[in-house]
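Reader: I would like to learn how to read a protein model step by step. Could you take me through one?

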Amino acid sequence: MEGGGPAVRRRSRSASARKRSRDRAQSRSACSPPARKRPSSGAGEEPQPAPSSPEYNNDSEEDMFGDYDSFSGNDSLLAQVDNMEQECIQSIDLTSCTKNMEDKATVEPAFGYLQLQNAKSKELIFSAAGNITGFRTEEENHLRITSEQENRTLEPGDCFLDDLPSSQLLCFEEMNKTSVDSRKSSEWQHTCLTLESLQQRKNLIYSLPTSGGKTLVAEILILQELLCRQKDVLMVLPYVAIVQEKVWALSSFGIELGFLVEEYAGSKGRFPPIKRRMKKSLYIATIEKGHSLVNSLIETGRIGDLGLVVVDELHMLGEGSRGATLEMILAKILYTSKTTQIIGMSATLNNVGDLQQFLQAEYYTNNFRPVELKEYVKIQDSIYEVDNKAENGLTFSRLLNFKYSSNLQKMDPDHLIALVTEVIPNYSCLVFCPTKKNCENVAEMICKYLNKVFVCLFAPNRSREYRNHRENEKQDLIKDLKNIGKGSLCPVLKRTIPFGIAYHHSGLTSDERKRIEEAYSAGVLCLLTCTSTLAAGVNLPARRVILRAPYVATEFLKKNQYKQMIGRAGRAGIDSAGESILIVQEKDKHLVRDLVNSPLENCYSNLFLEFTKGIQSLLLSLVGLKIARNPEEIYHFMCGTLFGVQQQFLSKEKSLSAITREALGCLIEKGLLKGKMTSEKEQKSQSNLEITQLGQATYKGSIDLAYCDALYRDLKKGLEGLVLESCLHLLYLTTPYDMTYHCRPDWMIYFRQFSQLNSVEQKVAAIVGVPESFITKKASGQAIKKDVDNCVINRLYLSFVLYALLKETNIWNVSEKFNMSRGYVQNLLNSAASFSSCMLHFCEELEEFWVYKALLTELTKRLTYCVKAELIPLMEVAGVLESRAKQLYDSGYKTLAHLANADPETLVKMIEHLSRHQARQIVSSAKMLLREKAEALQEEVEELLKVPTDTPEGLLTTLP
Ligand SMILES: Nc1ncnc2c1ncn2[C@@H]1O[C@H](COP(=O)(O)OP(=O)(O)OP(=O)(O)O)[C@@H](O)[C@H]1O
Ligand SMILES: [Mg+2]
């Protein structure tokens, strides 16, 4: 993924986010208040999955706010709109229409910690940490950060924000040091960094509102650990895209300061990591990869090398199976390493006491938010300000200043047009919508309106001004998106982008999302309609955030979600003001009052609710890693988990000991552990538990315990007759089980795809248990009496998708062929790549599956990159996606070494639409990767040449 504008951190659409609906149902029940469902508004409306699993977020076809298409076809309406628009346009203060980026440029962020100073003696100064000044690296006597932006004036089309670092660590001297907001940011950051507990290396949780500036504190602590204490650091971030962004941002620091930045996300990461003799490593990991990394460090007795673990978005502990995995990471570190410091941060924590007890941590909090965020609620045409002091939490603020004709009222009953045209195009606006379909509809509706309104005879200048606003850059964006789509462009985006508007949801590929985010950050786009996937940890500049409805899919908003969404408005250093407007229907008024006045939800352990992915998987790995060997030690471990802290509240009927014993019993029954469970009283005299081979394979491969049996059976069956003429059979085996639950095959497509296979490939279908007659009958609508396994049928269907992808390497064509969104297709591919690498680790532990090792190594690589082989070395660089890799390759940058030795300025000149900031980051990341690879080889050489201390000769000479 390519780097974006400044500090743009994206929320994931990663494979790692997948959850089954069962999980969601369970995790929901763990949170208070219980989710409230929106009453179904139409027959046949399907329940919508929760937003945290975008790949399963199949949108309802229902348009929740009117049929916008009819809007454009109504001429009489147009006449009314024209009149109304006249008044509206007059009410807009054109004098305030300074260009968006000019506005941004006057907002002057400043940082107080690491100062990038002019001239050649740029020394890194950690003024707050106090104890870090002027580090020396191996390469340099004094520490310098070179920067191309000195004395450089911006060129036309160059975004001011392009030059800001995604990392929070750089400070620009020329920026406003006297900004009050900045000083206040620095104040709390200084206080936090100089806390006595931190000096004493106690664990710490800190919590500040969204955009409070938490990242900078974490990054300073990380550098301190790497450079002063000379220890490795693990940074856990919630999503793949955010990990990539951070690797990108911190690579240049690693190069200058002499530490390694290693990516652990998707299929990237080595287990255990290479032990570096000279340099320290910063591992930047997703929750899942962070877990495997910690396991591998414990297994090799190296967990003590980790000096610091930083967890961003700590509230994710309460989120389903990922929360359970995060809890496992932290509990294992707490139990096995007394020297590793843990730091967790979040904007949305409530029951901090529980978390403090779990992490044995101190707590720092502050209400500071550098940019004031005003919260409003809109009911009918009245806007109320959220006011804690008011009796019902709301005070009347104003009436919406926009006259709606009755027809327009019908088209846009929630006055979205009025709300957005108050801010765009001069300021940016995010509109959160409950579903993906809504995002597209709202974007189109607004554009249709703008089109009609601004071409009206009365306001020709205004019309031109609107479309002309950064017109060339919008054209470039369309061109880029077309390139990304290998010639195809989404028709909705084609219509909306000329107005500076786009939608953003998981149906887009990550390449597209990335490009749209960049354009939005740079002010080329002024409005994004988005789902909640853009809610957390994103640093996009929104002056106004509109919540289209208090729902995510069909579930009523939770306070945490609400806070994260509105927190995107008024980001420090990007905007100078921020406001949110929640659109509410009369019937939901009382619910919304509760929402704005209620405290944040508590964060509860998911270890127990996520039975197979949670407690069972934890206990299996405890025995596998020899962290705990018998039920008594395991119980002792469990007492130190968040579940242990909250157990009496979460499970009133059973004691922690009983729950632990029950889970161990299940593991023995499944053949994953060996040993005898005796009664609770005899526990002390109990013998050790042992992990079986299957158990070892399951935990090493991070396989969900719910599927380990099925996986073993399928692989065993494959040994008898794996069809290797093509990779279809192997692809079937690597199609993740959990993706099959939500798959609804289109039988005609199924049949067509099947018919196009050759006879050997068709045999695969029969071997796995899908007879041709079944597909034919389904396609012709006939009833089927025979019982067939839906999981197998869906799995084969999905493996057809993967097969097509590997053959064509064109997501657009494949998504069209299968009538699936391209985002979904890409997600399937990522999930299959990830599962394939898990299977590889599974097979490595089981002698009988030796033959799969070579096959899966190759297949994992093909699934991970799914591009022409020549682009793979370039795509290994963090953040370089296919379209960028292709541009680079076509321009002659064909290898990693080419990129690592490239001059960013030349890159900017040679590669279309590449900013300096991006060019610098690409080069830094490539340098880091090259250095990391070279050092790994050097370490290997040294290891090979090392003379063993226990040679027989050596032993002889030491004899008396
Ligand atoms: N000392 C400072 N002076 C000026 N701006 C700052 C300072 N520290 C951080 N910022 C800016 O504040 C913005 C928000 O910071 P950051 O991303 O760390 O917020 P956060 O607390 O992590 O919010 P969230 O909970 O939404 O992730 C960033 O654009 C950052 O550059
Ligand atoms: Mg943050």
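**Reading the model**

Author: Let us begin with a single residue: at 15% relative accessibility, R470 counts as buried, where buried means under 20% relative accessible area, exposed means over 50%, and partly exposed lies in between (1.4 Å probe, protein chains only). This is a predicted model, in which local features need pLDDT of at least 70 and side-chain atom pairs count only at pLDDT 80 or more, while totals for chains, interfaces and linings use all residues. Residues are numbered from 1 along each chain as its sequence is written, chains are lettered from A and ligands numbered from 1 in the order in which they are written, and side-chain values use heavy atoms, with hydrogens and water left out.

Reader: What is the mean pLDDT of the chain, and where does pLDDT stay under 50?

Author: pLDDT is the predictor's confidence in each residue, from 0 to 100. The mean for this chain is 79, and 77% of its residues reach 70 or more. Over residues 1-166 the pLDDT stays under 50, and the model has 427 contacts beyond four places in sequence for them, a contact being heavy atoms within 4.5 Å. Residues 170-178 also have pLDDT below 50, and this stretch has 28 contacts in the model beyond near neighbours in sequence.

Reader: How many helices and strands does the chain have, and what share of its residues is buried?

Author: Helices (H or I, at least four residues) and strands (E, at least two) are DSSP runs, numbered from the N terminus. The chain has 40 helices and 21 strands, and buried residues make up 61% of its 960 residues.

Reader: Which residues have the most contacts inside the largest nonpolar core?

Author: A nonpolar core is a set of buried Ala, Val, Leu, Ile, Met, Phe, Trp, Tyr and Cys residues joined through side-chain atoms within 4.5 Å. The largest one here has 167 residues, and Y206 and M638 have the most contacts inside it. Leaving aside residues up to four places away in sequence, Y206 touches several others, including W188, K214, I343 and Y364. Apart from this core lies another, of 80 residues, among them Y376, C429, I484 and M565.

Reader: What should I look for when charged side chains meet, and how many salt bridges are found in the whole structure?

Author: Side chains of opposite charge can pair when their charged atoms come close. A salt bridge is a side-chain nitrogen of Lys or Arg within 4 Å of a carboxyl oxygen of Asp or Glu, and a search of the whole structure finds 36 of them. In one, the side chains of E932 and R276 meet at 3.1 Å, N to O. This pair links distant parts of the chain, 656 residues apart, with E932 in helix α39 (residues 916-945) and R276 in the loop between β5 (260-264) and β6 (281-285). Both E932 and R276 are buried, and they belong to a network of salt bridges that also links E262 and R270.

Reader: Is E473, which meets R470 in a salt bridge, buried or partly exposed?

Author: The side chains of E473 and R470 meet at 2.7 Å, N to O, and E473 counts as partly exposed because its relative accessibility is 24%. K587 and D588 also form a salt bridge, with their closest N and O atoms 3.3 Å apart. K587 is partly exposed, with a relative accessible area of 49%, whereas D588 counts as buried at 5%.
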